[in-house]
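The exercises below are meant to be worked through with the sequence and the structure side by side. Try each task before reading its solution.

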Amino acid sequence: MTAIRADDLVKEYGDVRALDGLSLEIDEGEFFGLLGPNGAGKTTFINILVGLARSTTGSAEVFGHDVEDDYQQARDRIGLAPQEFNVDRFFPIHEVLEHKAGYHGIESEEAERRAAEALKTVGIYDKRDTRFDWLSGGMKRRFLLARALVTDPDLLILDEPTAGVDVELRRELWELVQRLNDDGTTVLLTTHYIEEAEQLCDTVAIMDTGRKIEVASPDDLRGRGEDTLLVTLADAPARPPTFDLDGVGRATLDGTELSVTVDDAGSRAAAVIRTLDRSGHEVVNLELRRASLEEVFVGMTRTDTDASGEVTG
Amino acid sequence: MSAFGTGFRSLLTREILRFVRRPRNTFVPPAITNVLYFAVFGVILGDRIAAIQGYDYILFILPGLVVLGAVSNAFENASFSIFHGRWNEYIHEVLTSPLPYSSQVLAYVVASALRGLVVGGIIVGVGLLFVPFTIDGGSVPIRRPLYLVAFMLTITTLFAAFGIVGGLWAEDFDYLTVLNQFILRPLTFFGGVFYSLETLPDFWATVSLLNPMVYMVNGVRYGFLGYADVNANLSLAVLAGLTAVVVGVDILLFRRGYGIIE
């Protein structure tokens, strides 16, 4: 079943087009990453799904329920951990969770049980009587996840869930979210940490200026980037050697260190070494560096820069 | 999910707990304000003012003070809760839930009306303390209890519903102050809280009839004293109709996302 379907979504704020015909499908059970620079339209897309924004045109469905016409059914399936700390500060955090569960139709006794369970899951149960404002930054992030989990959602939406948290907590949260996904929860993740998407996501969509640029697995995307062969030569040549080979691009030289860009490091390395051999260069070391998702991402979302250095794209 | 199901009850409970747990912000201020009103206007000045329509001045002003406290607290509760939720964005907890928009509105309105009713009760309690000082063996009569209940329910609901509009409209805390201090309070003071319309020149008495507060103050006064400057039944019918319209507008505004959805 399709967990999320967006069809030609457009969202305009005055003259600004935050979403520009976004179409996307995410399958049930998938761990789906949404990558894009600031202003790409990721949060706008999420807000449309959860009811905090209305699309100008186009439509979106969550588990087959239109997010506007069947908003109750759609929202009942979603747990959202947003980027911003939008938490009720009047009540201790366990009560905030109980209220949230209640809004989803969960009776008070069950809501209490679930609130306790969610706080234990994210490791802040001992802070249950504290108000949100008094939690540390990391605990606040944990709490947002607990609030998303308290209604036992089929679709978990995480908008920059690890922004500003330390490495240890980030890894902890990754493990937790991965477990939930393994148990069948569909996860939609937006993040600025490319490593996060590489580690967690089955599929990644790269967005820019309100549009989807590409959808693929992190491995596929990496495969589309340029690898690099880092060759150490015995003697520094006067100028960089030239290669007339398929899939081999520019070479740059820094003393004895030669850097050659290739489309696939594994299959091109031998030909490059042979060519160097034939032209009398002795190779003393070879290192293969695969393209990172980050490089692919930057390449895909690169904006034009005018002469003054200002971004114009 | 039904309109009055678990979701509605959860939001209603949350809204009630919000003001019940902060009595120093919600119940103590109107109690103190009304101690001052009753002491100055009821006891000190009231002794020098002749009875109006046969009622001691303190009894005459009591219904108006109840209305003033009840409606301003109902309004303030709804407008603050909505605006503060928008300001800190925690209203998103409600908006992203499967609660129908009508249930969301009704929970805010019912809780706010309840706060207005509680404050009204507190003011009656303060009045009960002061009335015996000015009238030997005096008490607060309730001549038309059904009218009193009907008017109090209607006007607190009406102002709670207005409060929702105010909370959605406000862009800053200043807006709420403007609504409460510059519109609501003058209308109430010129709504016959401290005087009978019969004491005004004909022209101003007629102009006063354009002020909706006149009908509320007189309706509640009718409930307490059995006396009113205007027709109680007509007032009640018009106010009940207006309340239904404003609640309907609230639901429409929520559905359209006015002030809350991008």
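**Exercise 1.** Find where A:Asp208 is placed in chain A, and determine which side chain of opposite charge is nearest to A:Asp208.

*Solution.* In this predicted model, A:Asp208 belongs to strand E9 of chain A, which covers residues 203-208. A:Asp208 is buried, and the nearest side chain of opposite charge is that of A:Arg211, at 7.7 Å. Because a salt bridge needs a side-chain nitrogen of Lys or Arg within 4 Å of a carboxyl oxygen, that distance can be set against the cut-off, and A:Asp208 indeed has no salt bridge. Once neighbours within four places in sequence are left aside, the contacts of A:Asp208 are A:Pro37, A:Ala40, A:Ile213 and A:Thr301.

**Exercise 2.** Decide whether A:Thr209 and B:Glu89 are buried, partly exposed or exposed, and describe the phi angle of each.

*Solution.* Begin with A:Thr209, which sits in the loop between E9 and strand E10 (211-216) of chain A. Its relative accessibility is 37%, so A:Thr209 counts as partly exposed. The phi angle of A:Thr209 is near 45°, a positive value in a residue that is not glycine. Turn then to B:Glu89, found in chain B in the loop between helix H4 (57-87) and helix H5 (92-95). With 33% relative accessibility, B:Glu89 is likewise counted as partly exposed, and its phi, near 65°, is positive although the residue is other than glycine.

**Exercise 3.** Establish whether A:Phe143 is buried or exposed, and list what A:Phe143 touches beyond its neighbours in sequence.

*Solution.* A:Phe143 is part of helix H5 of chain A, residues 137-149. It counts as buried because its relative accessibility is 0%. Not counting residues up to four places away in sequence, A:Phe143 touches A:Val87, A:Ile93, A:Val96, A:Leu97, A:Leu119, A:Ile124, A:Phe132 and A:Leu135. As a last step, compare sequence with space: A:Ala81 is 62 residues from A:Phe143 along the chain, while their C-alpha atoms are 8.8 Å apart.

**Exercise 4.** Describe the build of chain B from its helices and strands, and test its radius of gyration against that of a compact globule.

*Solution.* Chain B contains eleven helices and zero strands. For 262 residues a compact globule would have a radius of gyration near 18 Å, and the 19 Å of chain B agrees with this. The C-alpha atoms fill a box of roughly 60 × 40 × 35 Å along the principal axes. Within chain B, 55% of the 262 residues are buried, and among contacts with a separation of 6 or more, 83% join residues 24 or more positions apart.

Terms used:
Residues are numbered from 1 along each chain as its sequence is written. Chains are lettered from A and ligands numbered from 1 in the order in which they are written. This is a predicted model: local features need pLDDT of at least 70, side-chain atom pairs count only at pLDDT 80 or more; totals for chains, interfaces and linings use all residues. Side-chain values use heavy atoms; hydrogens and water are left out. Helices (H or I, at least four residues) and strands (E, at least two) are DSSP runs, numbered from the N terminus. The radius of gyration is taken over C-alpha atoms; the globule rule is 2.2 Å times the number of residues to the power 0.38. Buried means under 20% relative accessible area, exposed over 50%, partly exposed in between (1.4 Å probe, protein chains only). Contact means heavy atoms within 4.5 Å. Lys and Arg count as positive and Asp and Glu as negative; His and the chain ends are not counted.
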